[in-house]
Amino acid sequence: MELNTILQVLLFGVVWGGLYTLIATGLNVIYGVMKILNIAHGELLMLGAYLTFWLFTLWDVSPLVSMPLAALAMFAFGVIIQKLLIEPLMVRTKTLAAFENATLIIFFGVLLILQNVAMLLWTADYRVLSYLNDPVTIGGLSVAANRLVVAAVALAVSGLMYVGMQYTLVGKAIRAVSEDRDTAKLMGINVKQIGLLGFGIGAALAGTAGSLASTIYVITPTVGLLFTIKAFTVMVIGGLGSQMGILVAGLALGVLESGASYIIGAEYKDVTGYVLLIGFILWKSRTSSAFRGEIK
Amino acid sequence: MSRKHWASLALVVVLAILPIGISSYHMSLLVSVYLAVALAGSWNLFAGTTGYVSLGHGLFFGIGAYSFAVSLVTLGYGPVASFALTALCTAVCATVLGFVLLTTRIRVAYFAIVMLGFNEIIKTVVANTKSLGSSYGLTLPPVPSNLIAYYFLLGLAVLVVLLFFLIQRSKWGYGLKAILSDEVAAEVTGVNTVALKMAMFVISGTLVGLAGGMIAWHWSYIDPYMAFDLAVSFEMVVMAVFGGIGSLWGPVMGAVAMSLLKEFLNTAVPQLHSIIFGGLVIILILWCPGGIVELVVNLRRRLKKADATDRTTR
């Protein structure tokens, strides 16, 4: 391989990796605060992507302008889900296992509803949004400008999240609740409010990622699950709760996929992610007690 | 035998002679109900007894479907031999997978996702294998009579329920109960946890595989996206949990209720059926997180209480 090709593959990897990092960051906040595996996370991304697509197609609104709108809309949506579905469920379930099983079903329901509403409103047609498609040349590398925008924005937002979680009071509260809900409560943190906020932020990040994804990927009502699984892969490999770990894992997954689709073939792009995830979990479950079943 | 056992037996007998008097529409409806019961019940045989929630159990459905198709079409065996081969194939796959996944303890959430990942990997591999028809799939000769699917899946559904009933009451059942409540403690007290988990995994996987084989024949066509559809994996979980995970009748009730509800919505509001279905699922689980079984238990307790207060006031 030439140096240029390697760099090209790396650059593509960073673009997708940045996006994966952003989605996984949102999933991770929700998992941390509520211990919920949100299998409808990708559907929130899908809604953000459609919002961006329609604003661009109908009124020529730049995706960068729609992005905060998508984030805001999904924040509200996340808060509503938490208030309407998760809070009542917490009251009604007695054990953690029962709560986890029930949330799995609830989010399966949410996934079904969102996918089919999208299908009904916007049909199953593949939507493509062409924004900043012209290639830019940097040091001999030629890449579409929108990809650079995606990488830059995704990494910037993920970085902002890191700073926010690390240094602001709200961020510290979210981390405390993720670590130990009961102790956090004793320390005077309003866990209910943090739950709402956590779900809202997680959903908002999914919406943001949706806006970005819509510029470089086809949008369909069923596009979500793929991204959910990617985000889960990144979250597990990055180590639940660690923002730095998620960044490294996200970029690694992106680069690995882009390398694999260059070397083996594009049809195996998604499989490499699964292989990485399974290999990692199997390795860890034999070496680290955190991966063995204490929570059941 | 108690009254309950006689009632169950009578139900099976009625279902067995039912095809004489019903239309082909009702028969195909019942076929889909039996399939649902067999799948949810098989899933429950492993997840409900060990606590390991598998999100990719449809993997065995796909493997079964493809084993049957290859055996029938490519290798030219008869249906009986093909079903035997299907069972063997899924059992071997489940054993290999079990060795990888179940020989050490693994967090339930991770186990769930690893299963899902395997489903996706096998799907991609099949879709890119020429001898398995790539993404175009395989065509099977049609089933000679609809009765075959009817009785096969009815038999499978009954077998699944019977197995759960028998295992619960055996020495295995106690070992599994110990694993379910605390795997480490079970291991320490001398339960062979690995062997028990493996056994249930293989039994559960093989039964799902047989259902997959039958359905491949019934559809007389399969492709990787149908056979390894994640909806198959998800639906068995949802039906089992909806009914009541880990109980004998929960998954059966969940599967019957859900497949009938789905069919009803499908004909009543074809445009909106998935949306309404999703909404109903959410409402029901919010109302009663333990599933239908919990609902029935609560109802009975309430009735008894009402009965008791009735007597004391008199």
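**Note on a predicted two-chain model**

1. Helix H10 (residues 243-263) of chain A comprises 21 residues, and the distance from its first C-alpha to its last is 30 Å, close to the 30 Å expected at 1.5 Å a residue. The model is a predicted one, and the points below should be read accordingly. Buried positions in H10(A) are Gln243(A), Ile246(A), Leu247(A), Ala249(A), Gly250(A), Leu251(A), Leu253(A), Gly254(A), Glu257(A), Ser258(A) and Ala260(A). The cover over these buried residues includes H1, helix H5 (145-167), helix H9 (224-238) and H11 of chain A. After H10(A) comes Gly265(A), with a positive phi near 140 degrees.

2. Gly13(A) belongs to helix H1 of chain A. Gly13(A) counts as buried because 23 other C-beta atoms lie within 10 Å, where the threshold is 20 or more. Apart from residues up to four places away in sequence, Gly13(A) touches Gly254(A), Val255(A), Glu257(A), Ser258(A) and Gly259(A). Of these partners, Gly254(A), Glu257(A) and Ser258(A) are among the buried residues of H10(A). The C-alpha atom of Gly13(A) is 14 Å from that of Tyr217(A), 204 residues away along the chain.

3. The largest nonpolar core has 200 residues, and those touching the most other members are Leu19(A), Ile23(A), Ala38(B), Leu153(B) and Ala211(B). Helix H1 (residues 3-34) of chain A gives this core its largest share, 15 residues. For Ile23(A), the contacts are Leu45(A), Ala206(A), Ala209(A), Phe227(A), Lys230(A) and Ala231(A), leaving out residues up to four places away in sequence. As general background, nonpolar side chains in soluble globular proteins tend to be buried together.

4. Leu153(B) is also one of the buried residues of H6(B). Helix H6 (residues 146-169) of chain B has 24 residues, so at 1.5 Å a residue a span of 34 Å is expected, and the 35 Å between its end C-alpha atoms agrees with this. Besides Leu153(B), the buried residues of H6(B) are Ala149(B), Tyr150(B), Phe152(B), Leu154(B), Leu156(B), Ala157(B), Val158(B), Val160(B), Val161(B) and Phe164(B). Among the elements covering them are helix H1 (3-17), helix H2 (24-50), helix H9 (193-219) and helix H12 (250-268) of chain B.

5. H9(B) also packs against helix H4 (residues 79-102) of chain B: the two axes come within 8 Å and cross at roughly 145 degrees. This crossing is right-handed. From H4(B), the participants are Phe83(B), Thr86(B), Ala87(B), Thr90(B), Ala91(B), Ala94(B), Thr95(B), Gly98(B) and Leu102(B). They meet Val194(B), Lys197(B), Met198(B), Phe201(B), Val202(B), Gly205(B), Thr206(B), Gly209(B), Leu210(B) and Gly213(B) of H9(B). By class, the contact of H4(B) with H9(B) has 10 nonpolar, 8 polar and 1 charged residues.

6. Two loop residues of chain B deserve separate mention. Ser220(B) sits in the loop between H9 and strand S2 (221-222) of chain B. Its phi is near 55 degrees, a positive value in a residue other than glycine. Most residues other than glycine have a negative phi. Ser220(B) is classed as partly exposed because it has 13 C-beta neighbours inside 10 Å. Asp223(B) occupies the loop between S2 and helix H10 (224-227) of chain B. Its 19 C-beta neighbours inside 10 Å are why Asp223(B) is likewise rated partly exposed. Beyond neighbours within four places in sequence, Asp223(B) contacts Ser135(B), Tyr136(B) and Gly137(B). Its C-alpha atom is separated by 9.0 Å from that of Leu132(B), 91 residues apart along the chain.

7. Which residues build the contact between the chains? It takes 38 residues from chain A and 36 residues from chain B. On the chain B side, helix H5 (108-127), helix H11 (230-243) and helix H13 (273-287) each supply at least two residues. H5(B) gives the largest share of that side, 10 residues. The chain B side divides by class into 22 nonpolar, 10 polar and 4 charged residues.

8. Within the interface, helix H11 (residues 269-287) of chain A packs with H5(B) at an angle of about 145 degrees, the axes being 9 Å apart. The crossing of these helices is left-handed. H11(A) contributes Asp270(A), Val271(A), Tyr274(A), Val275(A), Leu277(A), Ile278(A), Ile281(A) and Ser285(A). H5(B) contributes Tyr110(B), Val114(B), Gly117(B), Phe118(B), Glu120(B), Ile121(B) and Thr124(B). This helix pair's contact has 10 nonpolar, 3 polar and 2 charged residues.

Definitions and conventions:
Residues numbered from 1 in each chain as written. Chains lettered and ligands numbered in written order. Predicted model: local features only at pLDDT ≥ 70, side-chain atom pairs only at ≥ 80, totals over all residues. Contact = placed C-beta atoms within 7 Å. Helix = DSSP H or I, 4+ residues; strand = E, 2+ residues; numbered from the N terminus. Nonpolar A, V, L, I, M, F, W, Y, C, P; charged D, E, K, R; others polar. Axes fitted to C-alpha atoms, helices over the stretch in contact; angles between N-to-C directions. Left-handed = near helix turned anticlockwise from the far one by under 90°. Expected span 1.5 Å × (residues − 1). Buried ≥ 20, exposed ≤ 12 C-beta atoms within 10 Å, placed from the backbone. Core = buried A, V, L, I, M, F, W, Y, C linked by C-beta atoms within 7 Å.
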